[in-house]
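Me: Please take one helix residue as the starting point for a close look, and go on from there to the strands, helices and rings elsewhere in the chain. I would like one connected account rather than a list.

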Amino acid sequence: MTKIDIFSGFLGAGKTTLIKKLLKEALDASKVVLIENEFGEIGIDGGFLKEAGVEIKEMNSGCICCSLVGDFGSSLKEVIEMYHPERILIEPSGVGKLSDVMKAVQNVDTDAEVELNSAVVVVDANKCKMYAKNFGEFFLNQIAHAGTIILSRTADISESKLNTVLEIIRKHNDKATIITTPWEALDGKKILETIENAKDLEAELMAEVAKLHEEHHHHEEHEHHEHEEHGHHHEEHEHHKHEGHDHEEHEHHKHEGHDHEEHGHHHNHGEDCTCGCHDHEHHHADDIFTSWGFETPVSYTQDELEHILEELEDEKKYGSILRAKGMVSAGDGTWLNFDYVPGESNVRVGTVEVTGKICVIGAQLNEENLKTLFAK
C-alpha cells in the first residue's frame, strides 16, 4: 500500500519547511518519494533530500495543477511502480486547485494499491485575509478541500488576528483540523499524527457520555427484571403455600400477590414514570445530549479555567452539563488540560497541542451563555 499525502499552499506559505520537518522528525525518509513541482520558487534543497535517501521525481511539463492528465498521471504511475514507496509526498504548485490534484491522484492508472491519505494546506496566517480577497477561486478551493489546515508564521501574530483567520477558514471549511500552534513548539510526529488521525474531541466525549448512558439504562433494566422475577416468585410462593386452603382464601392471597406485581409494574413502567427504563422511554445518548465547543488559539490561565468550571455548575444558566474537556495554551509556552463532571473538575499541565480545543456535552445547553463564559 502506498499512502499519498498532498501538501498544498500558496507560494511562500512554508510547505517546503513543513515537509523538511516531517522528513526529519516523523517519517522514514528512505521509504518516501517526493514529487515536487513548484512554480516560481526555488525547489527543495537536493542535497538535503539526497542525504535523507529521498528519491525525487521532477515534473517537467509546467505547473502540476495545469497539466494534470498527461505528465502528472503517467509520472505518478511510474514512481509507484518503480520505487514501491510506502509514502509519496506531493508538493504541487502553489497556484493550483487542490481539488484537481486530489482528482488526479484518485484517477491514477496503476495496479498497485494506492490510498489518498491526506490533503494538507499550509496557510500563511499573515496573508490569509489578503489571499482570500484577491485570489479567492484558487486560495479558497485549497481551504475548502483540505482535511488539515496548518497555519504558518503564527508565533508573532495577535490572538485577535488569528481568530479572524480562523473565521475566514471556517466559512469555507468547518470540518478540517486547524493547527495554530507555532511549528517550533511541535514535534513533527505530533503534526503527522494530527494529519493522519485528527482527534475529534466532540466524538470522544459523546462516546464517553453515550457509554455511561447505556450502562445506566442497562442497570435499570436489570434491576427491573430482578424485581419482576421477585414479584413472580412471590406470587407462585403464595399460590403453593395456600394450595390446600379453601378457594376464597386462595383467591385472597393470589390477589395480594397480584397487587404486589401490579405495584412493581406501575413503579417501573407507569404513564407518570420518568426513570426511562421502558423501551419507549429509552433513547440513545445522541438523541438526548448535545455538544458545544470550538477550537481556539486563545490562552487561559489556570485561575480562569477553574472559575469557568465552577460556573458550569449553574444548571439554570448553562444547561445540564454532564462532561466538559479541553486543552488550551496558558500563554507562557505551557499548555493546560481540563476535565469536568458535575461536582468535580480538574485543571493540570498538559502537552503542547496543535491548537486549543474545548468541548461541552449536556442537555438543553445554553450556547449563548457558554460562549460568553469562555469568551476572552
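**A close look, starting in a helix**

Reply: S74 sits in helix α3, which covers residues 68-83. The model is a predicted one. With a relative accessibility of 43%, S74 counts as partly exposed, because the buried class ends at 20% and the exposed class begins over 50%. S74 and D109 are 35 residues apart in the sequence, and their C-alpha atoms are 8.0 Å apart in space.

Next, a pair of helices. Helix α4 spans residues 98-106 and helix α6 spans residues 136-145; their axes come within 7 Å and cross at roughly 50 degrees. The two helices are therefore oblique to each other, since an angle under 35 degrees would count as roughly parallel and one of 65 to 115 degrees as roughly perpendicular. On the α4 side the contact is made by L98, S99 and M102, and on the α6 side by N141, Q142 and H145. Sorted by class, this contact has 4 polar residues, 2 nonpolar residues and no charged ones.

The aromatic rings come next. A pair of aromatic rings is described by how far apart the centres are and by the angle of the planes. The structure holds 8 aromatic pairs. One of them joins Y131 and F135, with 5.8 Å from centre to centre and 70 degrees between the planes, which makes the pair edge-to-face. The two partners differ in exposure class: Y131 counts as buried at 11% relative accessibility, whereas F135 is partly exposed at 40%. Y131 also pairs with F139; here the ring centres are 5.7 Å apart and the planes make 55 degrees, so the pair is tilted. Both Y131 and F139 are buried. Together with F10, the residues Y131, F135 and F139 form one aromatic cluster.

Now the strands, beginning at the N-terminal end. Strand β1 covers residues 2-9, and 7 of its 8 residues are buried, so β1 is largely enclosed by the rest of the structure. β1 pairs with strand β5 (residues 114-124) in the parallel sense, over 8 bridges. In that pairing S8 stands opposite V121 of β5. β1 also pairs in the parallel sense with strand β4 (residues 87-91), over 4 bridges. There K3 has R87 of β4 as its bridge partner.

Further along the chain is an open sheet of 5 strands, with antiparallel pairing and the order β8-β12-β9-β10-β11. Its edge strands, β8 (290-296) and β11 (344-350), each pair on one side only. On average, neighbouring strands of this sheet are turned by 10 degrees against each other, with direction ignored. Within the sheet, strand β9 (residues 320-329) and strand β12 (residues 356-363) run antiparallel and are joined by 7 bridges. One example is A324, whose bridge partner in β12 is V360. Helix α14, residues 367-374, packs on the sheet and touches β8, β9, β10 (335-341) and β12. The direction of α14 makes about 30 degrees with that of β8.

In short, the pairings described for β1 are parallel, while the sheet that carries α14 has antiparallel pairing.

Definitions and conventions: Residues numbered from 1 in each chain as written. Predicted model: local features only at pLDDT ≥ 70, side-chain atom pairs only at ≥ 80, totals over all residues. Heavy atoms only, no water. Pairing = 2+ DSSP bridges. Axes fitted to C-alpha atoms, helices over the stretch in contact; angles between N-to-C directions. Contact = heavy atoms within 4.5 Å. Parallel < 35°, antiparallel > 145°, perpendicular 65-115°, else oblique. Nonpolar A, V, L, I, M, F, W, Y, C, P; charged D, E, K, R; others polar. Buried < 20%, exposed > 50% of the residue type's maximum accessible area, 1.4 Å probe, protein only. Phe/Tyr/Trp six-rings, centres within 6.5 Å; stacked < 30°, edge-to-face > 60°.
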